[in-house]
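Reader: Could you take me through the empty spaces in this model, the pockets and cavities, and what lines them? I'd also like to hear about the surroundings while you're at it.

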Amino acid sequence: MQHNVLILDFGSQYTQLIARRVRELNIFCEILPYNNLPVDLTDFKAVILSGSPYSVRSNEALHPDLSEIKGKIPMLAVCYGAQYLAHFFGGEVAPSDTREYGRANLDFIADDILFKDVPQNSQVWMSHSDTIKTLPKNAVLLASTKDVKNAAYKIEGEKTYAIQFHPEVYHSTDGTQLLKNFLVNIAGVQQDFTPNAFVEETVEGLRQKIGKEKVVLALSGGVDSTVAAVLLNKAIGKNLYCIFVNNGLLRKNEFQNVLNQYNGMGLNVKGVDATERFMNALAGLEDPEKKRKAIGRVFIEVFDDEAKLIDDATFLGQGTIYPDVIESISVKGPSATIKSHHNVGGLPDFMKLKIVEPLRMLFKDEVRRVGASLGIDPELLGRHPFPGPGLAIRILGDITQEKVRLLQEVDAIFIEGLKEHGLYNKVWQAGAILLPVNSVGVMGDERTYEKVVALRAVASTDGMTADWVHLPYEFLMEISNKIINKVKGVNRVVYDISSKPPATIEWE
Ligand code: XMP
């Protein structure tokens, strides 16, 4: 078992970032809500308390039960955590009379292992409206800034440390070093969470969990389901039954190409061409939500039909990743940011399968690294995200096979162009949109009255916010010419220059 670190969440916007920083140190960690402590804490080698939007002085203050942690397990209390310890263990917290938000410098740093290799005047990020006026009982001051005297302290005789600044935020220039000092040098945690170690441990765990039973898994061609499938395949081989559904809304040649790739990887995969079922369900639908719902419904029907053909399948494999898990258990409750449309391939209750989710503790970039260590083609791992409802939400209005074919051609020219010009990996997601309008043009001596397509390319880290990418004009000119010359039925190309928010990445 890898050494495990517990991050107790008090609802800070930065909690996930703490986990990211800890994982960057090759240390495994889990985030749990402050009020949902496991009964047995023996697996945890260290605990980090997160910040919080609440004040420890208010009626809404969140009260963790630290009786099995403080003084027993090495603990680092960040921001709210530091103030909580001060307020409830003999110190004093009061509203701050100077601004304690933004960059500050540690102009006093004590000679303590927590600050090993952290230089004098190191920049830190502050974000609080309360401040610690008096340290708690038995505390020793470890660091100060010009405005914040009690920026860091420790409790004598315990491995309990507290800092009012945020080491996880990028602007805290030595934040990762500080976390390393706490976790490795103080708590003695090993940096053993590497992709290879993850693969080894996960494969063994899957074998034990699944035994001789059968697993069905829907592949999408995307990174998460592919890595999940390869891990399961390594664990149980032919007892993994993968299903790859063609909904008729994939990119040009995607169904065949991805299917070939999966076969080449030795996966037990069945390609199911259900184009007609999807097209029939979509016929005449114009409303985006109705289209999404229809696609979701038919997907489940097709998947259920196929799963029934596999005798005695008892498990459903899913490519769920950690941000989904965190959001669903967060202090604030299942977050409003999870959109129903993202759960297109979700599990229908009537299937009564047990769930197996090999990636549920990994962040997206970790999934990619695990995929690389499993030898998955880097091109597949670097693919842009593509929505479950596919081109249906990029064809505004009703869907016909002819419109799909036309958009596939346009999209292929754009995506291949991005690759040829070395731009594909600089863009987070790109695609083309078919607009429901015709415009007048002229080709040769002929008047044309044809379709308009929009191109969209965005930069993002997680799809929650996004900026449009400033693709070079020369590139856009070349692609626009190519599309209008090669794709019959299109006489105008526009480029989408909207950011998210207020726009979204997909048009529907
Ligand atoms: P929006 O359009 O909400 O998209 O800004 C954010 C990200 O999510 C993708 N997306 C989906 N992915 N099923 C998916 O698997 C869906 O129904 C879906 N809708 C949007 C979108 O492509 C972008 O990456």
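Author: Here is a walk through the chain as a whole, then its hollows, then a helix and a few single residues.

Keep in mind that this is a predicted model. The chain runs to 508 residues, and 54% of them are buried. DSSP gives it 13 helices and 20 strands. Along the principal axes, the C-alpha atoms fill a box of roughly 85 × 60 × 40 Å. Of the contacts with a separation of 6 or more, 74% are between residues 24 or more positions apart.

Now for the hollows. Rolling a probe the size of a water molecule over the atoms shows where empty space is left. Let's begin with the second largest pocket, which has a volume of about 530 Å³. It's lined by 23 residues, and the closest to its centre are Phe28, Phe198, Pro358, Arg360 and Met361. Four elements each put at least two residues into that lining: strands β2 (28-33) and β16 (354-356), plus helices α4 (195-210) and α9 (322-329). Helix α4 has the largest share, with 6 residues. Sort the pocket lining by class and you get 15 nonpolar residues, 5 charged and 3 polar.

Next come the closed spaces. There are 3 cavities of 30 Å³ or more. The largest cavity has a volume of about 80 Å³. Its lining is made up of Arg23, Asn26, Phe193, Thr194, Pro195, Phe198, Leu362, Glu366, Arg369 and Val370. You'll recognise Phe198 there: it is also among the residues closest to the centre of the second largest pocket. Helix α4 turns up again too, since α4 and α10 (364-373) each supply at least two residues of this cavity's lining. This time α10 gives the most, with 3 residues. By class, the lining of the largest cavity splits into 5 nonpolar, 3 charged and 2 polar residues.

The second largest cavity comes in at about 60 Å³. Around this one sit Arg394, Gln429, Ala430, Gly431, Ala432, Ile433, Arg456, Val458, Ile505 and Glu506. The elements giving two or more residues to its lining are a couple of strands, β17 (429-443) and β18 (446-459). Strand β17 has the largest share, at 5 residues. The class split for the second largest cavity is 5 nonpolar, 2 polar and 3 charged.

From the hollows, let's move to a helix, α6, which spans residues 254-264. Its buried residues are Glu254, Phe255, Val258, Leu259 and Tyr262. Look down the axis of α6 and those buried residues fall within an arc of 120°, so they line one face of the helix. What lies over them? The cover includes strands β12 (214-219), β13 (240-246) and β14 (269-273), along with helix α5 (223-236). Just after α6, Gly266 takes a positive phi of about 80°.

Strand β12, part of that cover, is worth a stop of its own. Ala218 lies in β12. With a relative accessible area of 23%, Ala218 is partly exposed. Leaving out residues up to four places away in sequence, Ala218 touches Ser225, Ile243, Phe299 and Phe303. For a sense of distance across the model, take Ala218 and Lys159: they're 59 residues apart in sequence, and their C-alpha atoms are 47 Å apart in space.

Last, the cysteines. The structure holds 0 disulfides. Take Cys79, which is in no disulfide: the nearest cysteine sulfur belongs to Cys29 and is 19 Å away. A disulfide would need the two sulfur atoms within 2.5 Å, so Cys79 and Cys29 don't make one. Is Cys79 buried or exposed? Its relative accessible area is 4%, so Cys79 counts as buried, the cut-off being under 20%. Cys242 is buried as well, at 2% relative accessibility.

Methods
Residues are numbered from 1 along each chain as its sequence is written. This is a predicted model: local features need pLDDT of at least 70, side-chain atom pairs count only at pLDDT 80 or more; totals for chains, interfaces and linings use all residues. Side-chain values use heavy atoms; hydrogens and water are left out. Buried means under 20% relative accessible area, exposed over 50%, partly exposed in between (1.4 Å probe, protein chains only). The arc is that of the directions from the helix axis to the C-beta atoms. Contact means heavy atoms within 4.5 Å. On a 1 Å grid over the protein atoms alone, a cavity is a set of points where a 1.4 Å probe fits but cannot get out, and a pocket is an open set with protein on both sides within 12 Å along at least five of seven lines; lining residues have an atom within 4 Å of a point. Grid points are joined across faces, edges and corners, and a volume is the space filled by probe spheres set on the points. Ala, Val, Leu, Ile, Met, Phe, Trp, Tyr, Cys and Pro count as nonpolar, Asp, Glu, Lys and Arg as charged, and the others, Gly among them, as polar.
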